[in-house]
Amino acid sequence: MQKERVADAFCAYGDRILRAAFHLTGSRSEAEDCTQEAFMRLLSQPDTMEQGHIYPWLMRTVINLSKDYLRSIWFRKRVSMREIHNMTVSAPMTAEEETALYAVLQLPEKYRIPLYLHLVEGYSFAEISKILRVNANTISSRVRRARQKLQSQLRDDVDIL
């Protein structure tokens with residue numbers, strides 16, 4: 001019964017959890033490891049967890065695992081654009097898309113994670129505040145600041161070109 005629940009969750013949420021882990025770690029292999037670990041931890045959770053709570057629980061777990069990876073001594077800050085391209089898109093990336101993706105990866109974690117959860121995963125500020133255990137107003141401010149930083153950075157990059 002437990003294995004079936006995890007298998008169903010993996011089919012339903014596996015790609016989204018992997019994508020989130022990749023955006024947080026910047027490494028395909030680490031994203032795969034974090035995703036696998038999150039689902040292994042789900043296997044040890046009691047059967048009483050409601051279906052509606054599984055995805056938020058997995059997201060919170062993969063965020064924590066990604067943060068652990070980023071704090072580890074093995075973490076390297078450089079990510080090849082080729083690896084990002086292979087994970088995120090099937091069509092060739094334009095120069096503008098590469099620049100934008102690189103700018104997002106350069107954001108500090110406290111801005112990058114709420115921005116990702118809001119724009120890509122579609123969570124509201126209230127939902128993100130529950131996931132990250134941070135005040136909803138703080139989440140709103142961080143998303144706004146992340147957008148401002150991206151606009152500024154992308155504007156500067158265009159001026160350089």
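**Close-ups of an all-helix chain**

Tyr-13, Tyr-55 and Tyr-123 form one aromatic cluster. Everything in these views comes from a predicted model.

**View 1. The tyrosine cluster, ring by ring.** Across the structure, the count of aromatic pairs comes to three. Take Tyr-13 with Tyr-55: the ring centres sit 5.0 Å apart and the planes meet at 40°, so this pair is tilted. Tyr-13 belongs to helix 1 and Tyr-55 to helix 3, so the pair ties together parts 42 residues apart in sequence. Tyr-13 counts as buried, with 15% relative accessibility, and Tyr-55 is buried too, at 7%.

Now swap partners. Tyr-55 and Tyr-123 have ring centres 6.1 Å apart with planes at 10°, so this pair is stacked. Here Tyr-55 of helix 3 meets a loop residue: Tyr-123 lies between helix 6 (109-119) and helix 7 (125-132), so the pair links parts that are 68 residues apart in sequence. Tyr-123 is buried as well, with a relative accessible area of 9%.

**View 2. Helix 1 against helix 3.** Step back from the rings and look at the two helices that carry Tyr-13 and Tyr-55. Helix 1 covers residues 2-25 and helix 3 covers residues 51-71; they pack at about 35°, and their axes are 9 Å apart. The crossing of the two is right-handed. From helix 1, the contact uses Arg-5, Ala-9, Tyr-13, Arg-16, Ile-17, Ala-20, Ala-21, Leu-24 and Thr-25. Helix 3 answers with Gln-51, Ile-54, Tyr-55, Leu-58, Met-59, Val-62, Ile-63, Ser-66, Tyr-69 and Leu-70. Sort the residues of this contact by type and you get 14 nonpolar, three polar and two charged.

**View 3. Leu-58 and its neighbours.** Leu-58 sits in helix 3 and is one of the residues that helix 3 brings to the contact with helix 1. Leu-58 is buried, with 0% relative accessible area. Leaving aside residues up to four places away in sequence, Leu-58 touches Ala-9, Tyr-13, Ile-17, Ala-38, Phe-39 and Leu-42. Among these neighbours, Ala-9, Tyr-13 and Ile-17 also turn up on the helix 1 side of the contact with helix 3. For a backbone yardstick, pick Gly-14: its C-alpha atom is 9.5 Å from that of Leu-58, though the two residues are 44 apart along the chain.

**View 4. Two cysteines, Cys-11 and Cys-34.** Cys-11 is exposed, with a relative accessible area of 68%. Cys-34, on the other hand, counts as buried at 6% relative accessibility. If you're hunting for a sulfur bridge, a search of the whole structure finds zero disulfides.

**View 5. The whole chain, for context.** Zoom out to place the close-ups. The chain has eight helices and zero strands, and reads α-α-α-α-α-α-α-α along the sequence. Buried residues make up 37% of its 161 residues; Tyr-13, Tyr-55, Tyr-123 and Leu-58 are among them. Look at contacts between residues at least 6 apart in sequence, and 66% of these join residues at least 24 apart. The pairing of Tyr-55 with Tyr-123, in parts 68 residues apart, shows that kind of reach along the sequence.

Conventions: Residues are numbered from 1 along each chain as its sequence is written. This is a predicted model: local features need pLDDT of at least 70, side-chain atom pairs count only at pLDDT 80 or more; totals for chains, interfaces and linings use all residues. Side-chain values use heavy atoms; hydrogens and water are left out. A disulfide is a pair of cysteine sulfur atoms within 2.5 Å. Buried means under 20% relative accessible area, exposed over 50%, partly exposed in between (1.4 Å probe, protein chains only). Axes are lines fitted to C-alpha atoms, for helices over the stretch in contact, and angles run from 0 to 180 degrees between N-to-C directions. Helices (H or I, at least four residues) and strands (E, at least two) are DSSP runs, numbered from the N terminus. A crossing is left-handed if the near helix is turned anticlockwise from the far one by less than a right angle, and right-handed if clockwise. Contact means heavy atoms within 4.5 Å. Ala, Val, Leu, Ile, Met, Phe, Trp, Tyr, Cys and Pro count as nonpolar, Asp, Glu, Lys and Arg as charged, and the others, Gly among them, as polar. Rings of Phe, Tyr and Trp (its six-membered ring) pair if their centres lie within 6.5 Å; planes under 30 degrees apart count as stacked, over 60 as edge-to-face and the rest as tilted.
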